[in-house]
Amino acid sequence: MIDHEGDSDRINIAIDGPAGAGKSTVARKVAEQLGYVYIDTGAMYRAVTLSAQRAGVTVEQLPKLAQLARSLIIELEPSEQGQSIFINGENVTSLIRSREVTLQVSHFAANETVREVLGTMQRNLAERKGVVMDGRDIGSHVLPNAELKIFLTASVQERALRRFREIADSQAITLEQLEKEIADRDYLDEQRDISPLICASDAVVLDSTSMTIDEVIEAIVKLSRTKLAEAK
Ligand code: CDP
């Protein structure tokens, strides 16, 4: 049997979990250690949200939102911070992290066409294997055949605290407010009808509440080496 070049040397890794569990840092570092490509799917949902806000398109305007989602050229590029994201050639890496986008993204992410368009892009990116993809529905829906699935979680208090430390300098928000916003977003992501945030039945659950980032990375790299050996 002819193998696609290199396919048997690489696996796909899906890392799902709620906001602030450390997915993006962990996914980026795991990809770095394995020489894989890191794909931040949340950034893609944020990019659609930013574009809709700019165009004055609301979540209720279904045909307009569908048209917008289908028209966007979203590109990802590896960068020092992990990944840069471009919409129709414009670098929007910082803009998609605004509070305005964060407060709205879960509403736009519940839209069927938006999920269909981005899900297709994500599957195409993972076709050649060797990706570490983080999100909410990667192991359960986008890449159900990923060789390694991680569900990374932590208590909501710990997740809010981590996010608070990240953004406290630039954006005025209290820890209590942040905790509530994260809990609200978890609720929306878990309750939506289409591919909600869910722990896939074959995922390894890692609760990072009292683990350091390095411990989480080490655990995932170790699991990936085992899976890689099994896949050969
Ligand atoms: O980094 P943070 O945990 O704040 O969130 P993110 O990964 O940037 O994702 C932002 C939002 O996009 C999530 O709260 C979800 O509503 C949505 N999302 C999704 O629905 N499916 C994914 N695969 C990734 C993100």
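This report walks through a sheet, a helix that packs on it and some salt bridges in a predicted model.

## The central sheet

Let's start with the strands. Five of them make up an open sheet, running in the order E2-E6-E1-E7-E8 with parallel pairing. Strand E2 (37-40) and strand E8 (204-207) sit at the edges; each has a single partner strand, so one side of each has no neighbour in the sheet. On average, neighbouring strands here are turned by 20 degrees against each other, with direction ignored.

One pairing to look at in your viewer is that of strand E1 (residues 13-16) with strand E7 (residues 148-153), which is parallel and built over four bridges. Within this pairing, Ile15 has Ile150 in E7 as its bridge partner. As general background, strands of a sheet pair through backbone hydrogen bonds, either parallel or antiparallel.

## Helices on the sheet

Helix H1 (residues 23-34) packs on the sheet and touches E1, E2, strand E6 (131-135) and E7. The direction of H1 makes about 175 degrees with that of E6. Helix H2 (residues 41-55) also packs on the sheet, where H2 touches E2 and E6. Between the directions of H2 and E2 the angle is about 40 degrees.

## A closer look at H1

H1 is 12 residues long and spans 16 Å from its first C-alpha to its last, close to the 16 Å expected at 1.5 Å a residue. Right after H1 comes Gly35, with a positive phi near 70 degrees.

Which residues of H1 are buried? They are Lys23, Val26, Ala27, Val30, Ala31 and Leu34. Looking down the axis of H1, you will find these buried residues within an arc of 130 degrees, so they line one face of the helix. As for their partners, the buried residues of H1 pack against E1, E2, E6, E7 and helix H9 (213-231).

## A salt bridge between distant parts of the chain

The model has a count of 13 salt bridges. In one of them, the side chains of Lys149 and Asp202 meet at 3.1 Å, N to O. This pair links distant parts of the chain: Lys149 belongs to strand E7, while Asp202 lies in the loop between helix H8 (175-191) and E8, 53 residues apart.

Is Lys149 buried or exposed? With a relative accessible area of 6%, Lys149 is buried. Asp202, at 49% relative accessibility, counts as partly exposed.

## A salt bridge within a helix

Glu166 and Arg163 form another salt bridge, and their closest N and O atoms are 3.3 Å apart. Both residues are in helix H7 (residues 156-167), and being three residues apart they are separated by about one helical turn. Here Glu166 counts as exposed at 55% relative accessibility, whereas Arg163 is partly exposed with a relative accessible area of 22%.

## A buried pair and its network

Arg192 and Asp189 also form a salt bridge, with 3.4 Å between the closest N and O atoms. Arg192 is buried, its relative accessible area being 8%. Asp189 counts as buried too, at 4% relative accessibility. The pair is part of a network of salt bridges that links Arg136, Asp189 and Arg192.

Technical notes
Residues numbered from 1 in each chain as written. Predicted model: local features only at pLDDT ≥ 70, side-chain atom pairs only at ≥ 80, totals over all residues. Heavy atoms only, no water. Pairing = 2+ DSSP bridges. Helix = DSSP H or I, 4+ residues; strand = E, 2+ residues; numbered from the N terminus. Axes fitted to C-alpha atoms, helices over the stretch in contact; angles between N-to-C directions. Contact = heavy atoms within 4.5 Å. Expected span 1.5 Å × (residues − 1). Buried < 20%, exposed > 50% of the residue type's maximum accessible area, 1.4 Å probe, protein only. Arc of directions from axis to C-beta. Salt bridge = Lys/Arg side-chain N within 4 Å of Asp/Glu carboxyl O.
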